[in-house]
Amino acid sequence: MNIPTFDKKDLKNVSSQIFKASRRDFLKIGGMLAGSFALGVSFFSCNEKGEKISSLAPNVYLQITSKGEVIIIAHRSEMGQGIRTSLPLIVADELGADWHKVRIVQAEGDEKKYGSQNTDGSFSVRMFYKPMREAGAVAKLLLIQAAVKLWQVPIEECDTAKNQVVHKASGKAIDFGELIESAKNLPIPRIQDIKLKERQQFTLIGKATPIIDLHEIVSGTAVFGIDAVVDNMKIAVIKRCPVLGGKVKSYDDKKALAVPGVLKVIPIKGGDIPPTIEKPLSGVAVIAANTWAAIKGRDLLDVTWDLGEHATYNSAQQLEELSKEVLKKGTLRRNRGNFDQAKAQAKKVIEHTYIAPYLAHGTIEPPNALAVVKDGKCEVWAPTQHPQGARDAIAQFLGISAENVKVNVTLLGGGFGRKSKPDFIVEAALLAKESGFPIKVQWTREDDLHHDFFHALSVQRITATIDQNNQISGWNHHIAYPSISATFDASVLQPADGELGQGASDFPYNVPAVRVETHDAKAHLRIGWLRSVRNIPQVFAIATMLDELAEARGIDPVQQALSLLGDDRSITFDEEMVNGKYGNYGEDISTYPWETARMKKVIERVAKEAGWGKKLPAGSGLGFAAHKSFLTYVACIVEVKVGPDNKINIPHVHYAVDCGTAVNTDRIKSQFEGGAQFSTSIALKSEITVENGAVVQNNFDAYQIVRMPESPQQIHVHIVDSEAKPTGVGEPPVPPFTPALCNAIYAATGKRIYRLPIDLKEQRSY
């Protein structure tokens with residue numbers, strides 16, 4: 001569920017230790033420079049006594065050269081979220097480095113060297129914040145110890161700044177590079193003996209630092225996957241079966257081979273159910289000297305398909321069926337109090353069904369990968385969020401060891417979870433082996449939309465009750481959608497705990513009776529995670545229903561939320577869970593508790609900043625929603641203006657966010673600005689439909705994303721100052737935006753939204 005693939009038992013009691021990295025450790029990034037010294041961070045898990053029980057592999061490397069250059073390896077994938085900047089920035093701040101003298105080197109996919117590199121789940125900063133600080137602090141202490149030995153001064157009189165060790169009493173300073181020879185021979189101090197900086201000493205953490213790739217990106221010199229080139233490279237495009245699980249029955253390639261530039265036509269075996277995330281789909285590949293010839297050749301292929309069991313599937317029909325299913329009794333997943341009694345005694349009952357369609361990732365850079373297979377080895381260049389998953393999948397399908405596979409990680413032109421799947425990379429490796437050429441597999445936009453790992457359609461029915469005292473007394477949430485788990489096991493028909501824990505089973509409000517039920521929904525497409533995952537439909541339903549309840553009670557929605565959250569406290573959910581557990585995004589809830597005070601604080605902040613309650617002209621309105629996801633507290637207020645032609649204009653969006661310690665405010669604001677744009681597309685534009693087993697939409701003319709004139713005009717991001725542990729920022733902007741927009745539209749027009757994408761001409765109650 002967009003949570004990296006660590007074993008939970010390894011994450012429960014994780015510690016780290018610093019070690020000196022050898023020249024051998026640096027061979028794969030161009031070799032360790034003579035006269036330099038390098039540090040690594042090794043993660044290990046501990047038992048309850050704190051004793052080391054298993055090593056999880058070194059994850060971070062820091063090198064300082066004799067010229068004073070600081071080299072930091074970025075072991076996570078960069079897709080615009082700024083992780084290649086933010087994690088090294090943490091090391092540099094503790095070290096006292098001159099940021100202008102820091103060089104970032106992208107790590108290849110290697111689990112033994114770097115641990116998990118799966119860049120998913122808004123996980124990276126929260127996992128590596130402390131170890132990165134410790135690595136920088138250890139290097140700093142070694143350099144100070146070397147200077148103290150040279151100067152014969154008390155160690156407490158020395159500090160680091162701008163790539164120098166400074167003796168505060170005398171003003172003497174010496175460059176890092178001049179201390180390397182001495183520092184690298186000193187013993188590594190124990191982590192418990194180092195002292196980390198106080199917050200007021202930070203020079204980079206908590207500030208706005210532009211991403212290191214900014215100049216290359218805006219100047220067009222940055223290397224994304226689509227830009228990777230090797231000598232004698234050929235291009236492959238693939239005609240894949242339009243229906244999940246279908247197979248090639250026969251094909252005629254005569255016309256394709258007649259196209260100038262087309263070199264070979266190669267079938268790809270596939271069609272297994274479930275497909276899993278590693279397996280390529282069944283199809284026929286055209287290998288050509290250039291992309292145009294490959295596409296023209298593919299167009300001329302004559303393929304007969306065995307379409308398989310999903311050939312009659314229709315998404316509109318499934319939505320109708322699920323809309324009837326959620327009216328029935330479901331599988332109980334969370335229970336508090338007696339909902340039936342609350343309903344029987346209610347003064348008012350409000351009941352609605354909320355419908356959301358399939359969504360595609362639609363990354364601006366479609367999937368692509370370049371592979372070279374030679375002498376039993378494979379080297380790949382790919383925009384991947386999960387290089388080790390790709391490495392293992394390639395090894396499996398080529399029948400070689402993972403040590404003989406090298407995965408070079410390029411920049412990603414968008415990821416959103418799609419590029420954590422290695423199927424497109426495996427395609428390149430298989431075709432490179434079969435053809436004998438270096439092969440770049442290039443997906444077209446049509447391929448991308450037809451064969452994605454889709455965000456599943458959803459039907460949710462909420463029944464809420466208001467008692468004789470005008471209090472919300474009952475909440476019954478029925479949920480039906482194909483589970484992500486069905487991509488791995490086709491027999492799975494109901495949501496996993498991790499999916500429910502994204503808004504539904506962690507419903508935090510003080511309602512006496514809460515019942516969450518789930519229903520069967522079969523998967524007919526490849527289902528995957530998309531930015532913020534199941535929070536999208538679940539929070540759409542929950543937060544719009546809460547707004548309707550506030551109106552029915554005659555209470556301001558913001559005040560209702562504050563009141564329902566109750567006293568300042570930490571909430572747990574497991575005692576009310578039935579047939580499952582609350583996952584808390586992979587973290588122990590005692591370490592990352594659900595704190596009502598923090599949620600109330602962001603609600604109060606956003607209301608103040610947005611001018612909640614202010615008078616607006618006719619046709620305009622404000623809408624509010626708040627939600628915690630990926631351990632981050634977010635409140636959102638959207639302002640809309642709706643014209644007589646039902647055209648929706650969004651003048652302002654306000655976010656208040658508590659993501660714990662804010663590492664790089666530039667990226668936090670950028671993530672929330674991008675999250676608002678992303679969510680606008682989901683709310684107003686995007687929808688995938690399926691007829692006869694095949695996706696209908698071919699390109700951005702039909703699967704629309706928001707254009708600049710339709711985008712929110714001003715997005716205001718208010719970061720709450722916090723000393724808590726850092727949490728995620730990539731996904732939390734998305735969930736509250738859509739319901740806040742829907743609630744604003746109601747305030748402006750009197751029309752409630754129960755189905756996405758929003759169509760004011762056809763909205764009706766469900």
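## Exercises on sheets, helices and single residues

In this predicted model, 5 strands make up an open sheet of mixed pairing, ordered β14-β22-β21-β20-β15. Its edge strands, each pairing on one side only, are β14 (331–336) and β15 (348–356). Helices (H or I, at least four residues) and strands (E, at least two) are DSSP runs numbered from the N terminus, and two strands pair if DSSP finds at least two bridges between them.

Residues are numbered from 1 along each chain as its sequence is written, and side-chain values use heavy atoms, with hydrogens and water left out. Because the model is predicted, local features need pLDDT of at least 70 and side-chain atom pairs count only at pLDDT 80 or more, while totals for chains, interfaces and linings use all residues.

**Exercise 1. Describe how β14 pairs with β22, and which helix lies across β15, β20 and β21.**

Step 1. β14 and β22 (residues 513–518) are antiparallel and share 5 bridges. Arginine 336 is opposite valine 514 of β22.

Step 2. Helix α9 (residues 315–325) lies across β15, β20 (458–466) and β21 (472–480), at about 30° to β20. Angles run from 0 to 180 degrees between N-to-C directions, with axes fitted as lines to C-alpha atoms, for helices over the stretch in contact.

**Exercise 2. Find the strand order of the sheet with 7 strands, its edges, and the helices that pack on it.**

Step 1. The order is β11-β12-β9-β19-β16-β17-β18; this sheet is open and its pairing is mixed. At the edges are β11 (262–268) and β18 (405–409), each of which pairs on one side only. From one strand to the next the twist averages 25°.

Step 2. β11 runs antiparallel to β12 (residues 283–288), with 6 bridges joining them. Isoleucine 266 has alanine 285 of β12 as its bridge partner.

Step 3. Helix α8 (residues 291–299) packs on the sheet and touches β9 (234–240), β11 and β12, its direction making about 25° with that of β9. Contact here means heavy atoms within 4.5 Å. Helix α12 (residues 423–435) lies across β9, β11, β12, β16 (368–374), β17 (377–382) and β19 (439–442), and runs at about 35° to β16.

**Exercise 3. Trace β26 through its two hairpins and state whether it is buried or exposed.**

Step 1. β25 (residues 620–629) pairs with β26 in the antiparallel sense over 10 bridges. Histidine 627 is bridged to valine 634 in β26. This hairpin has 2 residues between the strands, and phenylalanine 630 takes a positive phi near 50°.

Step 2. β26 and β27 (residues 648–658) are also antiparallel, over 9 bridges, and cysteine 636 has tyrosine 655 in β27 as its partner. The hairpin of β26 and β27 has 5 residues between the strands, with asparagine 646 in the turn at a positive phi of about 70°.

Step 3. In β26 (residues 632–642), 10 of the 11 residues are buried. Buried means under 20% relative accessible area, exposed over 50%, and partly exposed in between (1.4 Å probe, protein chains only).

**Exercise 4. Check the length of α15 and describe its packing on α19.**

Step 1. α15 (residues 535–553) packs on α19 (residues 734–749) at about 35°, the axes being 8 Å apart. The 19 residues of α15 reach 26 Å from first C-alpha to last, close to the 27 Å expected at 1.5 Å a residue. The expected span is 1.5 Å times one less than the number of residues.

Step 2. 17 of the 19 residues of α15 are buried. Just after α15, glycine 554 has a positive phi of about 70°.

Step 3. Residues of α15 in the contact include Ile536, Val539 and Phe540, and those of α19 include Pro735, Pro739 and Tyr746. The contact residues divide into 10 nonpolar, 4 polar and 2 charged. Ala, Val, Leu, Ile, Met, Phe, Trp, Tyr, Cys and Pro count as nonpolar, Asp, Glu, Lys and Arg as charged, and the others, Gly among them, as polar.

**Exercise 5. Classify glutamate 576 and isoleucine 400 by accessibility.**

Step 1. Glutamate 576, in the loop between β23 (570–571) and β24 (594–595), has 13% relative accessibility and therefore counts as buried. Not counting residues up to four places away in sequence, glutamate 576 touches Arg333, Arg334, Asn335 and Arg336.

Step 2. Isoleucine 400, in the loop between α11 (387–398) and β18, is partly exposed at 21%. Isoleucine 400 and glycine 376 are 24 residues apart in sequence and 7.1 Å apart C-alpha to C-alpha.
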